[in-house]
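Reader: Could you take me through this structure, please? I should like to begin with the sheet and then turn to the surface.

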Amino acid sequence: MVKMSTLCTTLVGNKCPLLTVTNFASSPEAIARRRAICISARVHPGETCASWTMQGLIEFICGNSPRARILRDNFVFKLIPMLNVDGVVVGNYRCSLAGLDLNRMWRDPSRRLT
């Protein structure tokens, strides 16, 4: 139901977690045909309510309700509970460890600075 891995490591070596949620009892071919849904939280470290929202989503999607089972049978969820790990760890409100607003870095990302 859930596989935990590391999306990447941060500037200071913290792990950025990635949860993959789906019905893994299906064949690999069936899983490969499913559409993926990617949801991330905490791009801005100060958005603490995003952690509660992500926790609720994880609890629901991993639960036993018929709706959750249907979703797991038909989709692969890629959940990133905390995208800006370094910013959260150092207590920044909006920026990464390098002082950059990651929501403004989409057009010209930098591996060195984010």
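Author: The sheet, its helices and a surface patch are discussed in turn below. This is a predicted model, in which local features need pLDDT of at least 70, side-chain atom pairs count only at pLDDT 80 or more, and totals for chains, interfaces and linings use all residues. Residues are numbered from 1 along each chain as its sequence is written, and side-chain values use heavy atoms, with hydrogens and water left out.

Reader: What is the strand order of the open sheet?

Author: The four strands run S1-S2-S4-S3, with mixed pairing. Strands are DSSP runs of E with at least two residues, and helices are runs of H or I with at least four, numbered from the N terminus; two strands pair if DSSP finds at least two bridges between them.

Reader: Which strands are at the edges?

Author: S1 (2–9) and S3 (35–40) are the edge strands, each pairing on one side only.

Reader: In which sense do S1 and S2 pair?

Author: S1 and S2 (residues 15–21) are antiparallel, over seven bridges. Serine 5 has leucine 18 in S2 as its bridge partner.

Reader: Which strands does helix H2 touch?

Author: Helix H2 (residues 49–61) packs on the sheet and touches S2, S3 and S4 (75–80), contact meaning heavy atoms within 4.5 Å.

Reader: Turning to valine 89, where is it?

Author: Valine 89 lies in helix H4 (residues 85–90).

Reader: Why does valine 89 count as exposed?

Author: Valine 89 counts as exposed because its relative accessibility is 58%, where exposed means over 50%, buried under 20% and partly exposed in between (1.4 Å probe, protein chains only).

How values were computed:
Axes fitted to C-alpha atoms, helices over the stretch in contact; angles between N-to-C directions.
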